[in-house]
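Let's walk through this one by asking questions and working out the answers. Have the model open while you read.

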Amino acid sequence: MSDDLKKIERELHEAVAASADLRALEAVRVDYLGRKGAITGLLKQIGTLPAEERRDFGARVNVLKQAAADAIESRKAELEAGETAARMTAEAVDVTLPGRRPTIGRKHIVTQTLDEIIEILEGMGFAVEYGPELETEYYNYDALNFPPNHPARDMQDTFWIDDGRHEAGEYLLRTHTSPVQIRVMERMQPPVRVIMPGKCFRNESVNVRSHVMHHQVEGLCVDEGVTFGDLKGTLYTFLKTWLGMDVELRFRPSYFPFTEPSAEVDVSCILCRGSGCRVCKQTGWLELGGSGMVDPNVFGSVGYDAEKYTGYAWGFGIERLTMMKYGIEDIRLFFQNDMRFLEQF
Ligand code: 2U9
């Protein structure tokens with residue numbers, strides 16, 4: 001019996017020492033001190049022994065039980081300390097490493113240009129007006145004196161809305177911001193001095209120079225006695241301020257249904273100042289957009305007295321202005337969200 005106890009004690013200490021983690025140690029505890037454990041079995045034997053053996057055996061088994069509990073408890077403390085140390089090493093944070101810098105956003109270069117243009121023209125007395133991007137044929141074409149069979153109304157140039165809920169040909173994505181000018185003139189009487197920035201849509205193939213969506217800023221001034229000279233002065237002052245240098249303007253005769261006379265506006269090349277370079281393709285001039293005196297038929301659409309009032313109007317592409325100022329050669333760069341491009345501005 002005494003040998004049995006010694007053997008159990010020896011094996012217990014070996015098993016405790018061999019427990020590599022808390023789970024293995026718990027298994028050892030169950031083996032010896034659990035309900036069916038070896039030492040629990042010995043404790044159960046005590047009551048079955050003759051009285052003269054019971055006291056001595058009972059005392060030794062209880063000592064063994066206490067020794068087992070102590071050995072398991074102290075190994076448990078050892079293993080817990082080891083696991084904590086291992087976890088601390090694994091989860092250690094090197095506080096001396098530099099932190100991750102948050103990236104700071106900025107306005108898109110087209111928005112920056114728009115903001116600059118608006119600020120300058122507001123300073124020159126123009127109010128800013130916005131209108132819907134989803135327009136009707138009336139505001140986009142009819143009221144602007146486009147004849148019914150004008151090629152711009154074609155499927156190839158215009159995104160017509162055919163959603164099954166409206167009559168086909170009723171709605172379209174505006175192809176210019178000019179419909180806003182009609183809406184403004186319907187609402188208010190001269191004098192009118194407004195600019196209309198916003199998105200426009202063209203159903204055409206995307207390439208280096210044109211895109212299905214771009215931004216325009218148009219301007220309109222209507223009053224008694226407004227002349228082409230006022231248009232020239234306004235555009236000259238605006239461009240000189242925005243480009244921060246003296247420039248020359250050139251007006252080339254052109255045609256738009258909504259202006260008469262009409263002119264394309266060119267500015268002397270800001271890179272070579274007119275001597276000829278890569279940006280202006282050796283011409284010395286950069287094309288900005290269109291302009292002209294508002295056609296009397298347009299005044300008829302909005303109920304203005306064309307005998308009393310005259311007006312000038314212009315339209316510039318924001319992307320085109322930005323490309324000219326910074327020497328950007330591909331309009332698609334504005335819409336590709338490539339950070340290497342956007343971060344330059
Ligand atoms: C009304 C009367 C007159 C606005 C004008 C242009 C000429 C023009 C585009 C050219 C390509 C802008 O750069 S672009 O995208 N615009 O050429 N726009 S005159 O004249 C108006 C508009 C509305 C009622």
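**Strands, pockets and odd backbones**

Three strands form an open sheet, ordered S2-S4-S3, with antiparallel pairing. Strand S2 (134-136) and strand S3 (160-161) are the edge strands with a single partner strand each, so one side of each has no neighbour in the sheet. Strands here are DSSP runs of E with at least two residues, helices are runs of H or I with at least four, both numbered from the N terminus, and two strands pair if DSSP finds at least two bridges between them. This is a predicted model, where local features need pLDDT of at least 70, side-chain atom pairs count only at pLDDT 80 or more, and totals for chains, interfaces and linings use all residues. Residues are numbered from 1 along each chain as its sequence is written, and side-chain values use heavy atoms, with hydrogens and water left out.

Q: Which residue in S4 stands opposite Leu134?
A: S2 and strand S4 (residues 171-173) run antiparallel and are joined by three bridges. Opposite Leu134 in S4 stands Leu173.

Q: How many bridges join S6 to S10?
A: Strand S5 (residues 192-201) also runs antiparallel to S6, through 10 bridges, and Ile195 has Gly219 as its bridge partner there. With S10, S6 is again antiparallel, and Glu218 stands opposite Gly315 in S10. The number of bridges joining S6 to S10 is eight.

Q: Is Trp314 buried or exposed?
A: Trp314 sits in strand S10 (residues 310-317). Gln216 is 98 residues away from Trp314 in sequence, yet their C-alpha atoms are 10 Å apart in space. Buried means under 20% relative accessible area, exposed over 50%, and partly exposed in between (1.4 Å probe, protein chains only). Trp314 has 3% relative accessibility, so it counts as buried.

Q: How many disulfides does a search of the whole structure find?
A: A disulfide takes a pair of cysteine sulfur atoms within 2.5 Å. The sulfur of Cys272 is 3.7 Å from its closest cysteine sulfur, in Cys269, so it is too far for a bond. Cys280 is in a similar spot, because its sulfur is 3.7 Å from the closest one, in Cys272, which is too far as well. The search of the whole structure comes back with zero.

Q: Which residue does a cis peptide bond join to Glu260?
A: One cis peptide bond joins Pro190 and Pro191, with omega about 5°, and Pro191 lies in the loop between helix H7 (178-187) and S5. The partner of Glu260 is in strand S8 (residues 259-268). With omega about 0°, the residue joined to Glu260 is Pro261.

Q: Is Lys281 buried or exposed?
A: Lys281 isn't a glycine, but its phi is positive, about 50°. Its place is the loop between S8 and strand S9 (285-294). Since its relative accessibility is 59%, Lys281 counts as exposed.

Q: How far apart do the C-alpha centres of domain 1 and domain 2 lie?
A: The domain bounds, from an automatic or database domain assignment, give domain 1 (2-90) and domain 2 (109-342). Their C-alpha centres lie apart by 92 Å.
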